[in-house]
Amino acid sequence: MPCTWITSDLQLRLILTLFFVAECLSAGMEGTKTSNNSMQQLDNGNHSSVSTTSSTERKQSTVTLYAEVKTSLSVLVDTKAVLTCPPVLWPSVLVVTWEIVLRDKPPCFGAYRRDTNQTTRGNCTDKRITWASRPDENPALQVDPVAITHDGNYTCQIVTSDGNFHHEYHLQVLVPPEVTLIQTEKGTAVCKAAAGKPAAQISWTPEGYCDTEQGPYWGDGTVTVQSTCRWGSRHVLNVSCSVSHLAGNKSLSIQLSQGAEIPAHLKNLYITAPIFIILIVVGSIWLLKISGCRKCKLKKTEHTPVVQEDEMEPYASYTEKNNPLYDITNRVKTSQVLQSEVDVVMYRCESSTIKKTEC
């Protein structure tokens, strides 16, 4: 029978070693006694020796009893989780040990010794992980509230006088994703399941031409899944996005502004038609402007007035009347004419060609 037992506590290991050494010694004494009896009975026949050996093996198997159970447990974040130990007879319990191995953290343990009614903790600093009640009544472990960092393995080991019993839990924390559904362009919808753990699955109703992408995992283990769906030339008005997740399913619906996407040739027509119309309008305005300028030039050449002398006379007479220079000149001319006439008359008087009375 093996006499070496492994625990997570050095002190617990010493106690268990002493206990099982005593068991080994008692088992050895029983084995010696049985062998002596079998040697004494050897003369009586081989049949009695075989039966005695088989009974000794059955007794040893009861001493080395070992049971191990593994369970995968999924718990929703921000809830309470209770982990139980294997069901055993409590009077036979010697030590209960919980070993906890979390992601990116060193292992820790909590132990209870029934003979001294004492509890110990080693390297466990998370106050959310505690005994569910008094360990002398129920050695179950509770996590309240559950956080993303509580992902890991939890193992309960009970040492009894009949053997060891293990129950290991693989705890997975579930984080429901945040679901959104929007329309990005005509006939295209995008459904996103953000920051979920584990990754969600997305489906569409009705089915279309869909492209689903999964983003990288964040440090806390969450991930975002996005699905983009198109329906081409189909006349689809209402679409639904269904998100499947271990934390719960969710469905959203949206009404598309246009049931079908505009074909490519119509898009090109819508783009080029306004440009063509603008070019026609600009060209028409340019042609009208050119033709109008030509007509204006022809009219100017045909109706150019010729300035005549008669038309200039009013201006000249006006200038002579209103200009003081012309007035002085006229007075000088008049005085010169009168002076010449006076000179002629005086000459005649002196020559007696004219009567003196007339002079």
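In this predicted model, Cys 108 and Cys 124 are joined by a disulfide, with their sulfur atoms 2.2 Å apart. A disulfide is a covalent bond between the sulfur atoms of two cysteines. With 95 degrees about the S-S bond, the link between Cys 108 and Cys 124 is right-handed. Cys 108 sits in strand S4, while Cys 124 sits in the loop between strand S5 (118-122) and strand S6 (129-131), so this pair ties together parts that are 16 residues apart in sequence. Both ends are tucked away: Cys 108 counts as buried at 10% relative accessibility, and Cys 124 is buried too, with a relative accessible area of 18%.

That link is one of 4 disulfides in the structure. Another one joins Cys 85 and Cys 156, whose sulfur atoms lie 1.9 Å apart. The torsion about their S-S bond is about 100 degrees, so this disulfide is right-handed. It connects distant parts of the chain: Cys 85 is in the loop between S2 and S3 and Cys 156 is in strand S8 (residues 152-160), 71 residues apart. Cys 85 is buried, with a relative accessible area of 12%, and for Cys 156, also buried, the value is 0%.

Cys 191 and Cys 241 make up one more disulfide, with an S to S distance of 1.8 Å. Here the torsion about the S-S bond is about -55 degrees, so the link is left-handed. Cys 191 belongs to strand S11 (residues 188-196) and Cys 241 to strand S15, so the pair ties together parts that are 50 residues apart in sequence. Both cysteines are buried.

Aromatic rings pair up as well, and the structure holds 3 aromatic pairs. In one of them, the rings of Trp 90 and Tyr 112 have their centres 6.4 Å apart and their planes at 15 degrees, so the pair is stacked. Trp 90 lies in the loop between strand S2 (81-83) and strand S3 (93-102), and Tyr 112 lies in strand S4 (residues 108-113), so the two rings tie together parts that are 22 residues apart in sequence. Strand S4 thus turns up again, since it also holds Cys 108. The two partners sit in contrasting surroundings: Trp 90 counts as partly exposed at 23% relative accessibility, whereas Tyr 112 counts as buried at 3%.

Trp 204 and Trp 231 form an aromatic pair of the edge-to-face kind, at 5.8 Å centre to centre and with 80 degrees between the planes. This pair also links distant parts of the chain, with Trp 204 in strand S12 (residues 201-205) and Trp 231 in the loop between strand S14 (223-230) and strand S15 (238-244), 27 residues apart. Trp 204 counts as buried at 8% relative accessibility, and Trp 231 is buried with a relative accessible area of 1%.

Next come the charged side chains, which form 6 salt bridges in the structure. Among them, Arg 103 pairs with Asp 151, the closest N and O atoms being 3.4 Å apart. Arg 103 lies in the loop between S3 and S4 and Asp 151 in the loop between strand S7 (141-143) and S8, so the bridge ties together parts that are 48 residues apart in sequence. Arg 103 counts as partly exposed at 34% relative accessibility, while Asp 151 is buried at 9%.

Another salt bridge joins Asp 126 to Arg 128, with the closest N and O atoms 3.1 Å apart. Asp 126 counts as buried at 15% relative accessibility, but Arg 128 is partly exposed, with a relative accessible area of 31%. Salt bridges can also share partners, and in this way Arg 103, Asp 151 and Lys 197 are joined into one network. Asp 115 and Arg 113 form a salt bridge too, their closest N and O atoms being 3.3 Å apart. In this bridge Asp 115 is exposed, with a relative accessible area of 57%, whereas Arg 113 is buried at 18%.

Last up is a helical stretch. An unreviewed UniProt entry places a "transmembrane region" at residues 269-288. In the model, this span is 100% helix and 0% strand, and its end C-alpha atoms lie 28 Å apart. Ile 271, Ile 275 and Leu 279 make a nonpolar surface patch of about 320 Å². Leu 279 is in helix H3 (residues 264-302), and counts as exposed at 57% relative accessibility.

Definitions and conventions
Residues numbered from 1 in each chain as written. Predicted model: local features only at pLDDT ≥ 70, side-chain atom pairs only at ≥ 80, totals over all residues. Heavy atoms only, no water. UniProt positions renumbered as here; feature names shortened; annotations may be inferred. Helix = DSSP H or I, 4+ residues; strand = E, 2+ residues; numbered from the N terminus. Patch = residues over 30% accessible without salt bridge, like charges linked within 9 Å, V, L, I, M, F, W, Y side chains within 5 Å. Areas by Shrake-Rupley, 256 points an atom, 1.4 Å probe, with all protein chains shown as cover. Salt bridge = Lys/Arg side-chain N within 4 Å of Asp/Glu carboxyl O. Buried < 20%, exposed > 50% of the residue type's maximum accessible area, 1.4 Å probe, protein only. Phe/Tyr/Trp six-rings, centres within 6.5 Å; stacked < 30°, edge-to-face > 60°. Disulfide = S-S within 2.5 Å.
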